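This report covers one contact, some backbone features and a ligand site. Have a viewer ready.

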Amino acid sequence: MPKKGFFTTNLHSDREDSPEHGVLHKAIHPSVAYGYEDSHHLAEVFQGKRDGYNYGRQLNPTVTALQNRITKMESGRASVAFATGMAAITSTMLALLKSGDHLIASAFLFGNTASFFTTLERFGIEVSFVDATDMSNVAAAVKDNTRVVFVETIANPATQIADLEAIGELCSTYSILYVVDNTMTSPHLFLPRSVNAGLSVNALTKYIGGHGNALGGTVTDTGRFNWESYPNILDTYKSDDHSMWGITQIKKKGLRDMGGALGPEAAHHLAVGSETLPLRLDRACDNALALAEFCESHPRIKKTFYPGLNSHPQYQRAGNLFKKYGAIFSVELADELDCFEFLNRMDTVVSSSNLGDNRSLGIPVAHTIFHEMGAERRATMGISDSMIRFSVGLEELDDLLRNFEEALV
Ligand SMILES: *Cc1c(COP(=O)(O)O)cnc(C)c1O
C-alpha cells in the first residue's frame with residue numbers, strides 16, 4: 001500500500017489508539033499515577049511484561065500520542081518526548097555518553113547546545129567543535145573513542161548547512177552514532193533518516209508546535225543505527241529486539257532518571273500545532289526567500305545569509321536535501337545603520353528571541369543569544385556585531401517588505 005501523506009497520517013494519528021468516547025483529539029490526561037486490575041498487573045507493568053502506564057514522569061497517554069505523531073513524521077521507529085528541546089538533547093547525551101568518550105560537534109550550533117557540550121567536557125567527555133559544512137573536517141577529528149557526531153541541518157544565525165549526506169556515510173563506515181538536530185528544517189522539509197542519521201532531535205517549541213505557546217522536544221530513533229555496535233548500552237536494556245536498545249536507554253536513563261518530562265497540556269498544544277506544519281512552514285519559507293532576495297539587493301545591507309540565495313556557499317546542497325530553504329535568515333547592516341534603531345523602526349517584526357512562531361521576529365544576535373560566548377568565539381561562528389536574525393512568520397509578504405523598506409531608511 002502506498003504510504004499516506006503527511007497531513008492524512010498526522011490528522012488521523014490520534015484515532016488509531018481507540019481514544020475514549022471517540023474523541024478526535026487525544027484527551028489531555030493530567031493523572032500522574034495509574035490504577036491496575038490487581039497487584040499482579042501492577043508488578044507486570046513495572047517489569048515490562050505487560051503494556052501499561054507506570055508513572056507520569058515516564059509515560060502519559062497524551063504525550064504518547066504526540067510521540068507517535070512525531071515518529072510517523074520522521075518515518076522513524078520510536079520517539080521520546082521531553083519538556084523542552086534542550087531537555088531532549090541533554091538527556092540523550094547524558095544517557096548515551098560516559099567519561100572518556102569523544103563527541104564531534106558542529107562549530108555552528110544553537111548557543112545553548114554549544115554551551116551544554118562545554119558542560120560535558122567538565123564530566124570528562126572530550127568534545128571537538130569542527131566546521132561541519134565540510135565532511136573532511138569531521139573525518140579528521142574521528143578517533144577510536146568517538147561515539148557521537150552531532151550536527152544541525154541549518155545553523156543559526158549564519159545558516160551554514162552541514163555536509164549532512166557525507167557525514168552520514170562517514171558515521172556508517174566507523175559505526176559512530178549520528179545525531180541530527182532537525183529543528184530548523186522539521187520533518188516537513190527534511191528527514192535525517194535519509195542521510196543515515198540514527199537519531200533525529202526536534203525542538204517542538206519551534207516549527208512543529210509553531211505558535212509560540214508551548215515548549216517541548218523529542219528524540220526519534222530513525223531505525224538506521226545498529227545499536228549492537230554501540231559500546232555504552234547497559235546490559236539491562238539489551239532486549240531481544242536490538243533496534244530498541246538506544247531509545248530504551250534514553251527513556252530510562254534520560255527521561256525517567258533526569259526527569260525532564262513533557263506535560264500533557266503542552267503535548268496537546270504541540271499536537272494541534274503540528275497539524276498545520278506544512279501549510280505554515282511552506283508559507284514562512286516563501287516569505288523568507290522573498291525577504292532575503294530583497295535584502296541581498298538593498299544598498300544598506302552588507303550581507304544576507306540565506307540558503308535559498310545563489311550566493312550562499314551551500315545553496316546547491318540545500319536545494320538537493322531540503323524541500324524548501326527554511327524560514328530563518330540573517331543580515332549584516334551597512335556601517336551607517338544601527339541594529340537597535342533598525343529593529344525599533346519595525347512594527348510587523350517583533351524584537352524577540354524565539355523562532356518558529358507564526359509572527360515574524362528579529363533579534364540582534366551578538367548582543368543577546370550569543371552574548372555569553374564572547375567576541376572571539378562569535379567571530380569564528382561568523383557572527384558580527386551588526387548581525388540581525390529574522391525568524392520569518394506568516395504575515396502578508398507585502399506588509400513585511402514594506403516594513404523592511406521603512407526600517408532601512
Ligand atoms: C530552540 C532550539 C533548541 C532548544 O529548544 P527549546 O525547546 O527552546 O529548549 C535546540 N536546537 C535548536 C536548533 C533550536 O533552535
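The backbone oxygen of P157 lies 2.6 Å from a polar atom in the side chain of S330. That is a polar contact: a pair of N or O atoms within 3.5 Å; within protein, one must be able to donate a hydrogen and the other to accept it, and residues adjacent in sequence count only if both atoms are side-chain atoms. The model is predicted: local features need pLDDT of at least 70, side-chain atom pairs count only at pLDDT 80 or more, and totals for chains, interfaces and linings use all residues. Residues are numbered from 1 along each chain as its sequence is written, and side-chain values use heavy atoms, leaving out hydrogens and water.

S330 belongs to strand β9 (residues 328-333). Helices (H or I, at least four residues) and strands (E, at least two) are DSSP runs, numbered from the N terminus. S330 counts as buried because its relative accessibility is 0%. Buried means under 20% relative accessible area, exposed over 50%, partly exposed in between (1.4 Å probe, protein chains only).

P157 sits in the loop between β4 (146-152) and α7 (164-174). Its peptide bond with N156 is cis, with omega about 10°. Most peptide bonds are trans, and most residues other than glycine have a negative phi.

H21 has a positive phi of about 60° without being a glycine. This residue is in the loop between α1 (6-11) and α2 (39-46). H21 counts as exposed because its relative accessibility is 82%. S75, also not a glycine, has a positive phi of about 50°. S75 lies in the loop between α3 (61-73) and β1 (78-82). With a relative accessible area of 22%, S75 is partly exposed.

Now the ligand. There are 13 residues around it, and G85, M86, D181, T205 and K206 come nearest. Near means a heavy atom within 4 Å. The shell divides into five nonpolar, five polar and three charged residues. Helix α4 (residues 85-96) gives the most to that shell, with three residues.

Each row below gives a distance from an oxygen atom of the ligand.

| Residue | Partner atom | Distance |
|---|---|---|
| M86 | polar backbone atom | 2.8 Å |
| T205 | side-chain N or O atom | 2.6 Å |
| K206 | side-chain N or O atom | 2.7 Å |

Taken alone, the ligand exposes 380 Å², and the protein buries 92% of that. These areas come from the Shrake-Rupley method with a 1.4 Å probe.

Technical notes
Nonpolar A, V, L, I, M, F, W, Y, C, P; charged D, E, K, R; others polar.
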